[in-house]
Amino acid sequence: MKMRWSGLAFTVGALTLSAGALAAPPTAAMLVNACAGCHGVNGGSAGPSMPSLANQSKEAIVVAMKKFKSGERPSTVMGKLAKGYSDADYAAMGELLSKQKLHATTQTLDAAKVAKGKSLEEANCSRCHMEGGKEGKEDSPVMASQWLPYLSIQMNQYLDGTRKMPEKMAEKVKPMSKTDLDALMHFYASVK
Amino acid sequence: MTLDRRSFIKLIGSASAVSLAGCAGAPAVQMANEIMPKTSRRVVVVGGGYGGTIAAKYIRMMDKSIEVVMVERSDHYVSCPFSNLYLGGILKDLSPLTIKYDKLVANHGIKMVQAEVTGVSAEGKFINTSKGSIRYDHLVLSPGIDFRLDEMKGYDAAAMEVMPHAWKAGPQTVLLRKQLEAMKDGGTVVLTIPLAPFRCPPGPYERTSMIAYYLKKHKPKSKIIVLDANPGIVSKAPLFTKGWKKHYEGIIDYRPAKKVTEVDAKSKAVLVEGVEDVRGDVVNVIPPQKAGHIAHVAGVVGEDKKWCPVDPTTFESTLHKGIHVIGDACVAGAMPKSGYAANSEAKVCATNIVNMMNGREIVDMSGINTCYSYLTDKEAIHVTGVYKVDKEKNVIVAVPGSVGIPPDLNELDAIYADSWLRNILIEMST
């Protein structure tokens with residue numbers, strides 16, 4: 001004998017339909033809350049190798065997730081996690097994260113490197129990483145206040161070719177020395 | 001979804017058992033002296049670990065008009081994740097894994113009661129604690145695990161002091177490390193693993209790796225015998241196998257399908273299926289597990305007498321309305337019994353409790369698990385996944401393609417794992 005669940009729920013009364021059957025689609029907060037265990041509450045990371053997501057533009061988040069999903073951007077866990085969501089989910093997450101306030105970090109930085117980085121930044125990077133890295137043009141990420149170890153991991157991936165540099169970035173970065181790049185990362189890490 | 005007649009009768013049976021509880025079956029829980037009389041809408045959260053802290057915090061973050069009372073017997077919490085690194089000698093002490101609650105409760109206006117929960121009345125909507133009774137509108141239980149000691153003959157409280165489990169981080173973890181340090185070079189460590197499911201599926205294998213790491217470095221003539229009740233390594237199997245071959249050949253003696261059913265504390269021996277006698281200088285017994293004690297007191301443990309069946313969208317018990325169970329204690333479908341899963345479940349549960357209390361629509365769950373295991377001080381591995389509810393089956397499933405392990409042991413996973421710990425503990429404690 002087989003019974004339909006809906007009929008059964010009606011008969012028993014007390015055992016109503018599960019909450020899930022009638023639930024609304026997940027909100028942006030429901031999606032983003034799950035990320036906070038690694039990326040921090042309100043998009044602010046406390047872990048030096050993990051990026052803060054707060055204040056990133058919607059476009060930056062959507063493009064990053066698409067590149068993780070396709071494998072174009074190298075990752076450990078993100079390539080798999082990105083496959084758990086749709087393009088619409090990426091957009092909802094990006095929309096929410098873009099409204100969160102920049103997460104200011106306090107890091108031990110070399111003042112001389114910060115100053116040198118500042119002198120290099122305007123001529124080389126500021127057309128895309130605007131306002132000292134507090135804003136990003138189109139899908140360029142916000143870099144202000146990101147942790148130095150995170151920035152270094154990303155720069156190493158750019159330099160060894162595992163992460164593809166946008167053409168305009170390659171034009172600027174390739175001629176630079178390691179010392180210059182290190183100074184630039186110190187500068188961006190210092191911006192609050 | 002269709003049900004056959006037998007399941008139908010089972011369901012009816014359990015439904016009537018629920019309605020009778022308090023009149024005929026178990027004696028009704030009596031209210032003691034009420035502390036903190038309820039003047040507004042209130043959620044009581046029991047447990048201050050990976051699940052409880054997050055449920056309490058997120059309810060307050062989402063609706064400040066709901067009072068949240070967190071009941072926890074201790075004034076601090078020691079994380080199980082990363083405690084194997086302490087056993088490996090990589091962490092000097094447990095302080096990086098220890099959180100206090102003062103900042104969490106102050107930042108979010110959570111009311112903290114340090115007390116033991118002694119009773120739960122689902123009908124009366126109150127709990128009894130060692131300090132008195134507390135009423136609630138919704139109750140969240142995040143009690144973690146307890147042990148099925150009836151399946152491990154001889155493993156009583158005294159035996160635990162000789163052969164530690166160290167499966168709840170704290171004094172037991174410290175005891176196991178002291179024993180490893182006191183062991184002579186050339187000694188044998190025995191580690192026993194129960195049948196799945198248990199807290200932290202890769203945990204026993206990370207522990208094996210970390211103990212082997214310690215032995216290789218400090219006591220290279222020693223070895224570790226692993227008696228696993230399961231037919232093979234339960235989680236991240238290819239990578240543990242690879243890592244053990246790469247780093248610990250001749251140190252780890254892994255024996256699958258060896259179910260330990262009895263221990264003898266005097267001779268530091270364990271019995272496999274009551275017959276084979278394996279002795280060690282240090283014996284780490286990880287016993288079979290079940291939902292934490294409070295879940296049994298509350299009557300939210302299922303027919304298996306082990307774990308708590310819940311609605312996968314609200315984490316509300318299918319046995320008692322108004323009581324939600326999260327973390328290791330609940331049956332969360334495909335989500336593993338991990339710290340990150342408890343964190344994720346707590347947020348889903350908090351969101352939908354706030355929705356329920358405000359008469360708003362319930363929202364679909366979306367969860368993540370990310371879990372790291374160390375093989376050495378520098379190399380680690382991960383498993384990760386995204387989870388949602390399959391509406392046909394009403395069960396939590398993994399989103400296809402999102403679950404997986406890395407191609408090899410790698411240093412980046414160890415670096416990210418460290419940040420994982422920092423972020424998740426700060427999320428729990430601030």
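**Exercise 1. The two domains of chain B**

Task: Find how far apart the C-alpha centres of domain 1 and domain 2 of chain B lie, and state which residues supply the contact.

Solution.
- Step 1. The C-alpha centres of domain 1 and domain 2 of chain B lie 30 Å apart. This is a predicted model, in which local features need pLDDT of at least 70, side-chain atom pairs count only at pLDDT 80 or more, and totals for chains, interfaces and linings use all residues. Residues are numbered from 1 along each chain as its sequence is written, while chains are lettered from A and ligands numbered from 1 in the order in which they are written.
- Step 2. Take the bounds. Domain 1 of chain B covers 25-147 + 290-364, and domain 2 covers 153-287. Such bounds come from an automatic or database domain assignment.
- Step 3. Count the contact. Domain 1 of chain B gives 18 residues and domain 2 of chain B gives 18 residues. Two residues are in contact if their C-beta atoms, placed from the backbone, lie within 7 Å.
- Step 4. Look at the side of domain 1 of chain B that touches domain 2. Helix 3 (83-87) and strand 11 (145-147) of chain B each supply at least two of its residues. The largest share, five residues, comes from helix 3 of chain B. Helices (H or I, at least four residues) and strands (E, at least two) are DSSP runs, numbered from the N terminus.
- Step 5. Sort that side by class: 10 nonpolar, six polar and two charged residues. Ala, Val, Leu, Ile, Met, Phe, Trp, Tyr, Cys and Pro count as nonpolar, Asp, Glu, Lys and Arg as charged, and the others, Gly among them, as polar.

**Exercise 2. The parallel sheet of chain B**

Task: Give the strand order of the open sheet of five strands in chain B, and explain why one side of each edge strand is left without a neighbour.

Solution.
- Step 1. The order is 6-3-2-10-21, with parallel pairing. Two strands pair if DSSP finds at least two bridges between them.
- Step 2. Strand 6 (111-114) and strand 21 (323-325) of chain B are at the edges; each has a single partner strand, so one side of each lacks a neighbour in the sheet.
- Step 3. From one strand to the next, the twist averages 20°. Axes are lines fitted to C-alpha atoms, for helices over the stretch in contact, and angles run from 0 to 180 degrees between N-to-C directions.
- Step 4. Zoom in on one pair. Strand 2 (residues 42-46) and strand 3 (residues 67-72) of chain B are joined in the parallel sense over five bridges. R42(B) stands opposite E67(B) in strand 3.
- Step 5. Add the helices. Helix 2 of chain B packs on the sheet and touches strand 2, strand 3 and strand 10 (138-141) of chain B. Helix 10 of chain B also packs on the sheet, touching strand 2, strand 10 and strand 21 of chain B.

**Exercise 3. Two helix pairs**

Task: Describe how helix 2 and helix 10 of chain B cross, then do the same for helix 4 and helix 6 of chain A.

Solution.
- Step 1. The axes of helix 2 (residues 52-62) and helix 10 (residues 339-357) of chain B come within 8 Å and cross at roughly 40°. That makes helix 2 of chain B oblique to helix 10 of chain B. Angles under 35 degrees count as roughly parallel, over 145 as roughly antiparallel, 65 to 115 as roughly perpendicular and the rest as oblique.
- Step 2. The crossing of helix 2 and helix 10 of chain B is right-handed. A crossing is left-handed if the near helix is turned anticlockwise from the far one by less than a right angle, and right-handed if clockwise.
- Step 3. Residues in this contact include I54(B) and Y58(B) of helix 2 of chain B, and A346(B) and V354(B) of helix 10 of chain B. By class, the contact divides into 10 nonpolar, two polar and one charged.
- Step 4. In chain A, helix 4 (residues 58-70) and helix 6 (residues 87-98) pack at about 140°, with their axes 7 Å apart. That makes helix 4 of chain A oblique to helix 6 of chain A.
- Step 5. The crossing of helix 4 and helix 6 of chain A is right-handed. Among the residues that meet are I61(A) and M65(A) in helix 4 of chain A, and Y90(A) and L97(A) in helix 6 of chain A.

**Exercise 4. A hairpin**

Task: Which residue in the turn between strand 7 and strand 8 of chain B has a positive phi?

Solution.
- Step 1. Strand 7 (residues 117-121) and strand 8 (residues 126-129) of chain B pair in the antiparallel sense over four bridges.
- Step 2. The hairpin leaves four residues between these strands, and K125(B) in the turn has a positive phi of about 55°.
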